[in-house]
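Trainee: I should be grateful for a close look at the salt bridges of this structure. Please take me through them in a connected account.

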Amino acid sequence: MGSLPSDAKLPWIETPCVFSPPISKAAGCNIYLKLDNLQPSGSFKSRGIGNFMTRAAAAQPSSGPVRFYCPSGGNAGLACATSAVALRQPATIVVPTLTSAMMKQKLLDLGVDVVQVGENFPAADRHCREELLAKDPSGIYVHPFDHQHVWDGAATIVSEICAQLPDVRVDGIVGSVGGGGMINGIMQGVEAASWPHGPKPRVLAVETKGCDSLNASVLAGEHVSLPGISSIATSLGATRVSEQTWRWSQAGNMDGVVVTDADAAISCVRFADDARLLVEAACGATLATAYAGYLRLWLGEGLSDEEWATKNIVLQVCGGSGVTLEILEEYRKTYAAESSIKV
Ligand SMILES: *Cc1c(COP(=O)(O)O)cnc(C)c1O
């Protein structure tokens, strides 16, 4: 067994879990924000990908460095790059040609190698596996969501929530779903934790229309793939969720909801004002459940306003780097009229 360099650091941090007065007011119940937008890479992906890479680097039999390869022009690539820097290991991020100059520059600034090739994600992924990984015996492939060690890393979201809210009866935890790595970790964490104040929380899996691969499977009654992706929440753009996500969706305490692009986008704008934080549309989808009244439909059926006000729900603020003030301004112009959420 090898070991990590002595100056290696953990690639993720414990993030705050804070009560939000304005979002609680909007939802009508107590809303806590798990602020994973504060992770070193800008999203929760630091947890799962960081854990996967830490384990892989530590398990390498030779003492020489490994090289991590991640096909992604998005938050997975950023998480791989920041984790590689923390672990003092080299990384190659393979991004499709449509990846923005901003995203490419963010990766280069971290000091990793960037290869830009292929029209879309599958093409970049193919190049990554067939041209690069196949020729590098010390190469390690970093999957954005489908690995037990990724889920183990994401499960720390829940163990932190338990430690941070020891006196709170958590009724629900809400998170967005792309390939399902994050929600797998949340479900795993909910099972592993003990809940002294009441039954274990229900979990709400949120997708945007056009990225609703989990919902399509639930409706079909079997694990299916979408023919394509059409949503501004590109970080949720997996045409098929992991097998494990499909299995969890049949567990008793998981529910699902699909929100519109307009509601996800406008939630990002509202959140900038309410929390003074910038997150991308993939995260806005989760926030929309509070702003657009979905939470009450989910856990408040038959309750009076007073009863509903005692419920405690944690929103997993997954974050994301695909956002700027300019993008939010664009969202406001494009979607304000269409969305039921006021800005
Ligand atoms: C990747 C990502 C998701 C979806 O996570 P999965 O593990 O693929 O389900 C949600 N939000 C953001 C910001 C992401 O980067």
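Mentor: What follows is an account of the salt bridges, and then of one helix that carries a residue of their network.

The model is predicted, and it holds 14 salt bridges. Three pairs may be taken in turn.

The opening pair is R47 and D36, whose closest N and O atoms are 2.7 Å apart. R47 belongs to helix α2, which covers residues 45–59, while D36 sits in the loop between β2 (30–35) and α2, so the bridge ties together parts that are 11 residues apart in sequence. Both partners are withdrawn from the surface by the accessibility criterion, for which buried means under 20% relative accessible area. R47 has a relative accessibility of 0% and therefore counts as buried. D36 is likewise buried, also with a relative accessible area of 0%.

The next pair, D125 and R129, lies within a single helix. Their side chains form a salt bridge with an N to O distance of 3.4 Å. Both residues are in helix α5 (residues 121–132), and they are four residues apart, about one turn of the helix. In an α-helix there are 3.6 residues a turn, so residues three or four places apart point the same way. The two partners fall into separate accessibility classes: D125 is buried at 13% relative accessible area, whereas R129, at 39%, is partly exposed.

In the remaining pair, the side chains of E191 and K200 meet at 2.8 Å, N to O. E191 has a relative accessible area of 40% and is partly exposed. K200, with 37%, is partly exposed as well.

Beyond single pairs, salt bridges with shared partners join K34, D36, R47 and E160 into one network. The R47 and D36 bridge described above is thus placed among residues of that network.

E160 leads on to helix α6, where E160 is among the buried residues. Helix α6 runs over residues 148–164 and has 17 residues. From its first C-alpha to its last, α6 reaches 25 Å, close to the 24 Å expected at 1.5 Å a residue. Other buried residues of α6 include H149, V150, W151, G153 and A154. Further along, A155, T156, I157, V158 and I161 are also buried. The buried residues of α6 pack against β2 and α2, as well as against β7 (172–176), α7 (181–192), α9 (243–248) and β10 (312–317). Helix α2, one of these packing partners, is the helix in which R47 lies.

Terms used. Residues numbered from 1 in each chain as written. Predicted model: local features only at pLDDT ≥ 70, side-chain atom pairs only at ≥ 80, totals over all residues. Heavy atoms only, no water. Salt bridge = Lys/Arg side-chain N within 4 Å of Asp/Glu carboxyl O. Helix = DSSP H or I, 4+ residues; strand = E, 2+ residues; numbered from the N terminus. Buried < 20%, exposed > 50% of the residue type's maximum accessible area, 1.4 Å probe, protein only. Expected span 1.5 Å × (residues − 1). Contact = heavy atoms within 4.5 Å.
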